[in-house]
Amino acid sequence: SIALLVNSFILLSTKWVTPQSDKQVSRWLDAIWIGIMQGLSVIPGISRSGTTVSTAMWLNINREQAV
């Protein structure tokens with residue numbers, strides 16, 4: 001149940017992020033961060049796609065590019 005709450009916080013935190021309209025994953029460091037967050041999905045209750053999209057949005061990548 002704690003992992004589901006953490007997942008909820010991760011997904012809800014993107015509500016306050018204002019991503020740029022044209023930024024794509026261009027730096028290798030962005031890809032590393034997205035991969036690290038995907039690694040958290042081995043914990044039951046953490047969504048892999050949710051962490052991927054949320055991390056991309058935290059890195060100022062627009063929602064369409066993140067998906």
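I began with the surface: the accessible surface of the protein comes to about 4,700 Å², and 63% of that belongs to carbon and sulfur atoms. Accessible areas here come from the Shrake-Rupley method with a 1.4 Å probe, and for residues only the protein chains shown count as cover.

I noted the basis before going on. This is a predicted model, in which local features need pLDDT of at least 70 and side-chain atom pairs count only at pLDDT 80 or more, while totals for chains, interfaces and linings use all residues. Residues are numbered from 1 along each chain as its sequence is written, and side-chain values use heavy atoms, with hydrogens and water left out.

**Overall make-up**

I looked up the secondary structure and found four helices and zero strands. Helices (H or I, at least four residues) and strands (E, at least two) are DSSP runs, numbered from the N terminus. Along the sequence the pattern reads α-α-α-α. Of the 67 residues in the protein, 34% are buried; buried means under 20% relative accessible area, exposed over 50%, and partly exposed in between (1.4 Å probe, protein chains only). I then checked contacts (heavy atoms within 4.5 Å). Among those with a separation of 6 or more, 67% join residues 24 or more positions apart.

**Helix α2 against helix α3**

I took helix α2 (residues 28–39) and helix α3 (residues 48–58) as a pair; they pack at an angle of about 150°, with their axes 8 Å apart. That angle makes α2 roughly antiparallel to α3. Axes are lines fitted to C-alpha atoms, for helices over the stretch in contact, and angles run from 0 to 180 degrees between N-to-C directions. Angles under 35 degrees count as roughly parallel, over 145 as roughly antiparallel, 65 to 115 as roughly perpendicular and the rest as oblique.

The crossing of α2 and α3 is right-handed. A crossing is left-handed if the near helix is turned anticlockwise from the far one by less than a right angle, and right-handed if clockwise. On the α2 side I listed W33, I34, M37 and Q38, and on the α3 side R48, T51, T52, T55, A56 and W58. By class, this contact of α2 with α3 has five nonpolar, four polar and one charged residues. Ala, Val, Leu, Ile, Met, Phe, Trp, Tyr, Cys and Pro count as nonpolar, Asp, Glu, Lys and Arg as charged, and the others, Gly among them, as polar.

**Helix α1 against helix α3**

I repeated the lookup for α1 and α3, which pack at an angle of about 40° with axes 9 Å apart. The two are therefore oblique to each other, and α1 passes α3 in a left-handed crossing. I10, L11 and S13 in α1 meet G50, T51, S54 and W58 in α3. The residues of this contact divide into three nonpolar, four polar and no charged.

**What α3 buries, and what follows it**

I listed the buried residues of α3 as G50, T51, T52, S54, T55, A56 and M57. These pack against α1, α2 and α4. After α3 comes N60, in the loop between α3 and α4 (63–66). N60 has a positive phi of about 65° although it is not a glycine. For context I noted that most residues other than glycine have a negative phi. N60 is partly exposed, at a relative accessible area of 30%.

**Residues of α1 and the stretch before α3**

Which residues does N7 touch, not counting residues up to four places away in sequence? I found G45, I46 and S47. N7 lies in helix α1 (residues 2–13) and counts as buried at 10% relative accessibility.

L5, also found in helix α1, counts as exposed at 62% relative accessibility. I read 9.0 Å between the C-alpha atoms of L5 and I46, which are 41 residues apart along the chain.

S8 is another entry for helix α1, partly exposed at 42% relative accessibility. The C-alpha atoms of S8 and S47 are separated by 9.5 Å, with their positions 39 residues apart along the chain.

I closed with P44, in the loop between α2 and α3. P44 is exposed, with a relative accessible area of 71%. From P44 to A3, 41 residues apart in sequence, the C-alpha to C-alpha distance is 6.9 Å.
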